[in-house]
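Reader: I'm new to reading protein structures. Could we walk through one together, piece by piece?

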Amino acid sequence: MAPRVVVVEADGGSRGNPGPAGYGAVVRDADTGEVLAERGESIGVATNNVAEYRGLIAGLEAAAELGAAEVEARMDSKLVVEQMCGRWQIKHPGLRPLAAQAAGLVNRFAAVRFHWIPRERNRHADALANAAMDAAAGKAPARAAVAPPRVVEPPREVAAPDSPARARAREVAARAASATSTGTDPGTAPASWEPRPSFTATRLVLVRHGETAFTEQRRYSGRGDVPLSERGRAQVRATAARVAALAPTVAAVVSSPLSRCTATAEAIAGALGGVPVRREDDLIECDFGAWEGRTFAEVRQEWPGEMDAWLASTRVAPPGGESFVDVAERCRRVVDGLCRAYPGETVVVVSHVSPIKLVLRDALAAGDGFLHRLFLDAAGISVLDTWPDGGVAVRTVNDTAHLAGI
């Protein structure tokens with residue numbers, strides 16, 4: 001029988017900061033103190049904080065594997081505990097993806113409580129982390145048997161649905177996922193109803209490519225290079241005129257390398273007076289693997305279990321394909337790079353339904369359910385503004401007024 005409540009003790013460190021690094025995590029039965037799982041791993045050269053986050057992630061993953069419903073997470077890292085509680089900013093870009101991953105795991109449990117504990121009460125996880133650091137440094141691990149005392153602490157705030165703690169976990173995930181490596185963080189931008197001046201923002205005009213035969217036939221269309229249909233080409237001409245009206249001055253047009261996108265991008269660039277089109281591999285559609293070219297109904301019939309798992313988690317990939325977590329990571333790289341390269345300018349980004357949905361999800365600090373509730377039409381236009389301090393404004397989503405009558 002799966003334990004309802006477990007204690008996760010986690011630690012990590014490095015010899016040199018950065019230096020040879022490793023983490024340790026222990027999962028205990030909250031009632032008996034019995035060790036249910038141990039995790040420890042060398043992670044090469046990293047900082048103390050990276051190793052600490054990796055330890056927390058490993059502990060939460062182990063708790064999830066055990067089927068726990070609630071977690072008491074205990075660490076001697078004040079930074080990780082405070083950041084996961086949403087009280088401290090996540091300023092270091094290397095920690096943001098780890099914080100997002102940890103916050104995603106938090107949302108898998110009915111409740112998670114974070115506690116800071118002194119190092120002497122975290123000896124078991126500390127011993128595992130030191131053994132991993134020894135291995136990373138090429139030393140023979142000398143692992144001592146450690147049985148730290150079981151400590152029962154009064155519960156703090158439970159991360160139950162709609163509780164403040166759950167909201168903070170979502171906020172941590174949104175900040176970590178949306179912040180760019182330039183140090184901007186939407187979660188720390190000044191909150192205000194006052195409209196911001198758009199001329200100081202980098203504006204991204206997000207355009208989904210025109211229709212293809214697969215679009216009309218409701219088939220999975222990922223990495224296959226399916227060309228625009230006749231209707232798709234008509235949509236693209238209308239979209240190009242619409243973008244030129246929305247953004248007469250554009251610094252760049254950036255496109256997925258697939259022809260349905262490059263054809264769309266070239267039409268837009270032409271309407272803008274010949275702006276060069278730059279291909280960006282990270283804007284390519286999700287790899288749907290074995291489902292490529294299959295209809296939605298065929299996939300449901302032949303891979304019912306795999307489809308249910310895929311729909312339930314963005315970490316699950318189609319057979320032989322790519323997860324949405326991986327797609328989101330590369331899309332963030334694109335957005336980050338464009339904001340750095342074109343501050344205060346407008347960039348047209350031509351891509352596919354999955355990358356555009358993921359960019360909008362991050363911009364709106366939404367959960368994964370957003371991906372299944374947002375519909376994006378072929379040749380639809382969305383507009384997103386980002387400011388240097390991390391401020392974000394989604395101005396338009398799936399504008400299709402220009403497609404009337406096509």
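Reader: Where is the place of proline 18?
Author: Keep in mind that this is a predicted model. Proline 18 sits between two strands, in the loop that separates β1 from β2. So, the spot you're after is the loop between β1 and β2.

Reader: Which kind of peptide bond joins asparagine 17 and proline 18?
Author: Check omega for that bond: its value is about 5°. The bond joining asparagine 17 and proline 18 is cis.

Reader: Do β1 and β2 pair in the parallel or the antiparallel sense?
Author: In general, strands of a sheet pair through backbone hydrogen bonds, either parallel or antiparallel. β1 and β2 form a hairpin with four residues between them, and glycine 16 in the turn has a positive phi of about 135°. As one pair to look up, glutamate 9 has valine 26 of β2 as its bridge partner. Over nine bridges, the sense of the β1 and β2 pairing is antiparallel.

Reader: How many bridges join β2 to β3?
Author: These two also form a hairpin, with five residues between them and glycine 33 in the turn at a positive phi of about 80°. Valine 27 stands opposite alanine 37 in β3. The strands run antiparallel, and the number of bridges joining β2 to β3 is 10.

Reader: Which strand order does the open sheet of five strands have?
Author: Six bridges join β1 to β4 (residues 70–75), and those two run parallel; there, alanine 10 has methionine 75 as its bridge partner in β4. The pairing in the whole sheet is mixed, and the order is β3-β2-β1-β4-β5. The edge strands, each pairing on one side only, are β3 and β5.

Reader: Is α4 largely enclosed by the rest of the structure, or is it left open, and why?
Author: Helix α4 covers residues 123–136 and lies across β1, β2 and β3, running at about 150° to β2. Its buried residues, which pack against β1, β2 and β3, include His124, Leu128 and Met133. Since buried means under 20% relative accessible area, you can tally them up: 10 of the 14 residues of α4 are buried, so the helix is largely enclosed.

Reader: How far does α4 reach from its first C-alpha to its last?
Author: The helix has 14 residues, and at 1.5 Å a residue the expected reach is 20 Å. The model comes close to that, with a reach of 20 Å.

Reader: Which residue with a positive phi follows α4?
Author: Look just past the end of the helix, where phi is near 85°. The residue there is glycine 138.

Reader: Is arginine 218 buried or exposed?
Author: Arginine 218 is in the loop between α6 and α7, and its phi is near 55°, a positive value in a residue other than glycine. Exposed means over 50% relative accessible area. Arginine 218 has 53%, so it counts as exposed.

Reader: And alanine 379, buried or exposed?
Author: Alanine 379 also has a positive phi, near 70°, and is found in the loop between α13 and β10. The cut-off for buried is under 20%. With 1% relative accessibility, alanine 379 is buried.

Reader: Which strands stand at the edges of the open sheet of six strands?
Author: Its order is β8-β7-β9-β6-β10-β11, with mixed pairing. One parallel pair inside it is β7 and β9, over four bridges, where valine 253 stands opposite valine 348 in β9. Each edge strand has a single partner, so one side of each is left without a neighbour in the sheet; these strands are β8 and β11.

Reader: Which strands does α7 lie across?
Author: Helix α7 spans residues 230–246 and runs at about 30° to β10. The strands it lies across are β6, β9, β10 and β11.

Reader: At what angle do α11 and α12 pack?
Author: The axes of these helices are 9 Å apart. Residues making the contact include Phe324 and Val327 of α11 and Leu358 and Val359 of α12, and the contact residues divide into eight nonpolar, one polar and three charged. Angles of 65 to 115 degrees count as roughly perpendicular, which is how α11 stands to α12. The packing angle is about 75°.

Note on methods:
Residues are numbered from 1 along each chain as its sequence is written. This is a predicted model: local features need pLDDT of at least 70, side-chain atom pairs count only at pLDDT 80 or more; totals for chains, interfaces and linings use all residues. Side-chain values use heavy atoms; hydrogens and water are left out. Axes are lines fitted to C-alpha atoms, for helices over the stretch in contact, and angles run from 0 to 180 degrees between N-to-C directions. Angles under 35 degrees count as roughly parallel, over 145 as roughly antiparallel, 65 to 115 as roughly perpendicular and the rest as oblique. Contact means heavy atoms within 4.5 Å. Ala, Val, Leu, Ile, Met, Phe, Trp, Tyr, Cys and Pro count as nonpolar, Asp, Glu, Lys and Arg as charged, and the others, Gly among them, as polar. Two strands pair if DSSP finds at least two bridges between them. The expected span of a helix is 1.5 Å times one less than its number of residues. Buried means under 20% relative accessible area, exposed over 50%, partly exposed in between (1.4 Å probe, protein chains only).
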